[in-house]
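Here are my notes on the model, set out as numbered points. Please read them with the structure open.

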Amino acid sequence: MEKLTNKEEEIMRVLWDLEKAFVKEVIPKLKDQKLHYNTVSTIIRNLEEKGYVSYKAFGKTHQYFPVVSKEKYRKQFMNMATKRFFDNSFKNVVSYFAKEEKISADELREILDIIENEKK
């Protein structure tokens with residue numbers, strides 16, 4: 001799976017939320033709503049070329065939908081980031097967030113509960 005640009009990721013989040021949409025339905029959901037229709041359309045076509053979206057044609061217009069799930073992309077992204085920045089160790093990921101005070105002891109206990117319950 002090819003890495004997405006920030007704008008491509010933003011558009012994918014919109015498509016994941018909407019499940020299917022025309023370009024004109026995507027634009028109001030973007031942070032920068034001043035993006036021109038043609039710009040958004042080009043980004044979506046790039047996503048199609050990368051294999052992230054497909055479309056259903058309605059005459060000259062297209063309704064786009066994701067073909068890569070949010071979960072599949074998240075997994076790929078997390079695995080890549082873990083490998084690249086944390087020596088391929090999820091322990092290092094959790095330690096990083098703990099040191100940066102981005103995760104509390106209570107949240108860590110919840111994670112432990114999830115892990116222990118999965119083993120049962």
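1. Isoleucine 43 is a buried residue of this predicted model. Its relative accessible area is 13%, and because buried means under 20%, isoleucine 43 falls in that class. The residue sits in helix α3, which covers residues 37-49. Setting aside neighbours within four places in sequence, isoleucine 43 touches Lys7, Glu8 and Ile11. Lysine 91 is another matter: 48 residues separate it from isoleucine 43 along the chain, and the two C-alpha atoms are 36 Å apart.

2. How do helices α1 and α3 pack, in angle and in distance between axes? Helix α1 comprises residues 6-18, and its axis makes an angle of about 85° with that of α3, at a distance of 10 Å. Angles of 65 to 115 degrees count as roughly perpendicular, so α1 is placed roughly perpendicular to α3. On the α1 side the contact is made by Lys7, Glu8, Ile11 and Met12. On the α3 side it is made by Val40, Ile43, Ile44, Asn46 and Leu47. Sorted by class, the residues in this contact are six nonpolar, one polar and two charged.

3. Asparagine 46 belongs to helix α3 and is one of the residues that meet α1. Is asparagine 46 buried, exposed or partly exposed? Its relative accessibility is 29%; since partly exposed lies between the 20% and 50% limits, asparagine 46 counts as partly exposed. Glutamate 8, which is on the α1 side of the contact, lies 38 residues from asparagine 46 along the chain, with 8.4 Å between their C-alpha atoms.

4. The domain assignment splits the protein into domain 1, residues 6-66, and domain 2, residues 70-118. Taken over C-alpha atoms, the centres of the two domains are 30 Å apart.

5. Lysine 3 is in the segment before α1. What does lysine 3 contact, leaving aside neighbours within four places in sequence? The contacts are Glu8, Glu9, Lys50 and Met80. The C-alpha atom of lysine 3 is 9.3 Å from that of tyrosine 73, although these positions lie 70 residues apart along the chain. With a relative accessibility of 44%, lysine 3 counts as partly exposed.

6. Strands β1 (residues 53-58) and β2 (residues 61-66) are paired in the antiparallel sense, over six bridges. Serine 54 has phenylalanine 65 of β2 as its bridge partner. Two residues lie between the strands of this hairpin, and glycine 59 has a positive phi near 65° there.

7. Two residues deserve a check of their backbone angles. Most residues other than glycine have a negative phi. Glutamate 19 has a positive value, near 75°. Glutamate 19 is in the loop between α1 and α2, the latter being residues 23-26. Its relative accessibility is 58%, and because exposed means over 50%, glutamate 19 counts as exposed.

8. Aspartate 87 is the other residue to look at. What is the phi of aspartate 87? It is about 50°, a positive value in a residue that is not a glycine. Aspartate 87 is placed in the loop between α4 (70-85) and α5 (90-99). It counts as exposed, at 69% relative accessibility.

9. Alanine 98 lies in helix α5. It is partly exposed, with a relative accessible area of 32%. Leucine 108 is 10 residues from alanine 98 along the chain, and 8.7 Å separate their C-alpha atoms.

Definitions and conventions:
Residues numbered from 1 in each chain as written. Predicted model: local features only at pLDDT ≥ 70, side-chain atom pairs only at ≥ 80, totals over all residues. Heavy atoms only, no water. Domains from an automatic or database assignment. Helix = DSSP H or I, 4+ residues; strand = E, 2+ residues; numbered from the N terminus. Buried < 20%, exposed > 50% of the residue type's maximum accessible area, 1.4 Å probe, protein only. Contact = heavy atoms within 4.5 Å. Pairing = 2+ DSSP bridges. Axes fitted to C-alpha atoms, helices over the stretch in contact; angles between N-to-C directions. Parallel < 35°, antiparallel > 145°, perpendicular 65-115°, else oblique. Nonpolar A, V, L, I, M, F, W, Y, C, P; charged D, E, K, R; others polar.
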